[in-house]
Amino acid sequence: MTREAESADWTLAGSKERPDLQKATDLASSLGWVKSRRRGRRSAKADTGSITRSSIKADTFDGLSYTLRVGKQAGDNYYSA
């Protein structure tokens, strides 16, 4: 998803289709709630799953860029890098 300005509607990058605007807004807003916790070194034996199982790349209008790579679920959390 992308938008040209903060006040513009969301669009699907590389597509002429228009997303459900409420769902797009909800998705973008949810990124503000992502928390990352580091609990020491990852055990070499830990089964983290593929760290690149899913990824989210977010670029802000302030020039910041974030990439979140999500791995296997561990309880209520997911491994990430």
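This report walks through a predicted model of a protein, from its overall layout down to a handful of residues.

**The big picture**

The protein has 81 residues, and 7% of them count as buried. About 7100 Å² of surface is exposed, with carbon and sulfur atoms supplying 48% of that area. As for secondary structure, there are 1 helix and 3 strands, and reading along the sequence gives the pattern α-β-β-β. Take the contacts in the protein with a separation of 6 or more: 23% of them come from residues 24 or more positions apart.

How confident is the predictor? The average pLDDT is 76, and 70% of the residues score at least 70. Among the elements, helix α1 (residues 21–30) has the highest mean pLDDT, at 85, while strand β3 (residues 77–80) has the lowest, at 70. A general caution goes with this: where pLDDT is low, the predicted coordinates should not be read in detail.

**The β1–β2 hairpin**

Strands β1 and β2 make a hairpin, with 5 residues between them. The pairing is antiparallel and runs over 6 bridges. In the turn sits Gly63, with a positive phi of about 90 degrees. One of the bridge pairs joins Ala58 to Tyr66, the latter in β2.

How many of the 6 residues of β1 are buried? The count is 0, so strand β1 (residues 54–59) is hardly covered, buried here meaning under 20% relative accessible area.

Ser54 is a handy place to look at how the two strands sit together. Ser54 belongs to β1 and is partly exposed, at 39% relative accessibility. Which residues does Ser54 touch, leaving aside its neighbours within four places in sequence? The answer is Leu68, Arg69 and Val70. For Val70, 16 residues away along the chain, the C-alpha separation from Ser54 is 5.2 Å. For Leu68, 14 residues away along the chain, the C-alpha atoms are 8.3 Å apart.

Leu68 itself is in strand β2 (residues 65–74). Is Leu68 buried or partly exposed? Its relative accessible area is 25%, so Leu68 falls in the partly exposed class, since buried would need under 20%.

**Salt bridges**

The structure holds 2 salt bridges. As a general point, side chains of opposite charge can pair when their charged atoms come close. Here is the pair of them:

| Salt bridge | N to O distance |
|---|---|
| Asp9 and Arg18 | 3.4 Å |
| Lys57 and Asp59 | 3.0 Å |

In the Asp9–Arg18 bridge, Asp9 is partly exposed, with a relative accessible area of 43%. Arg18 has a relative accessible area of 54%, so it counts as exposed, a label that needs over 50%. As for the Lys57–Asp59 bridge, both Lys57 and Asp59 are exposed.

**The segment before the helix**

Two more residues are worth a stop in the stretch ahead of α1. Ser15 is found in this segment and is partly exposed, at 34% relative accessibility. A polar atom of the Ser15 side chain lies 3.0 Å from the backbone nitrogen of Glu17. Looking back along the chain, Ser15 and Met1 are 14 residues apart, and their C-alpha atoms are separated by 9.6 Å.

Ala5 also lies in the segment before α1. What is the relative accessibility of Ala5? The value is 30%, so Ala5 counts as partly exposed. Where does Ala5 sit relative to Phe61? The two are 56 residues apart in sequence, but their C-alpha atoms are 7.8 Å apart in space.

**Pulling it together**

Think of this predicted model as one helix and 3 strands, with 7% of the residues buried. The antiparallel β1–β2 pairing and the 2 salt bridges are good places to start when you open the structure. Keep the confidence in mind as you go, with β3 having the lowest mean pLDDT among the elements and α1 the highest.

Technical notes: Residues numbered from 1 in each chain as written. Predicted model: local features only at pLDDT ≥ 70, side-chain atom pairs only at ≥ 80, totals over all residues. Heavy atoms only, no water. Helix = DSSP H or I, 4+ residues; strand = E, 2+ residues; numbered from the N terminus. Buried < 20%, exposed > 50% of the residue type's maximum accessible area, 1.4 Å probe, protein only. pLDDT = per-residue confidence, 0-100. Contact = heavy atoms within 4.5 Å. Areas by Shrake-Rupley, 256 points an atom, 1.4 Å probe, with all protein chains shown as cover. Salt bridge = Lys/Arg side-chain N within 4 Å of Asp/Glu carboxyl O. Pairing = 2+ DSSP bridges. Polar contact = N/O pair within 3.5 Å; in protein donor to acceptor, adjacent residues only side chain to side chain.
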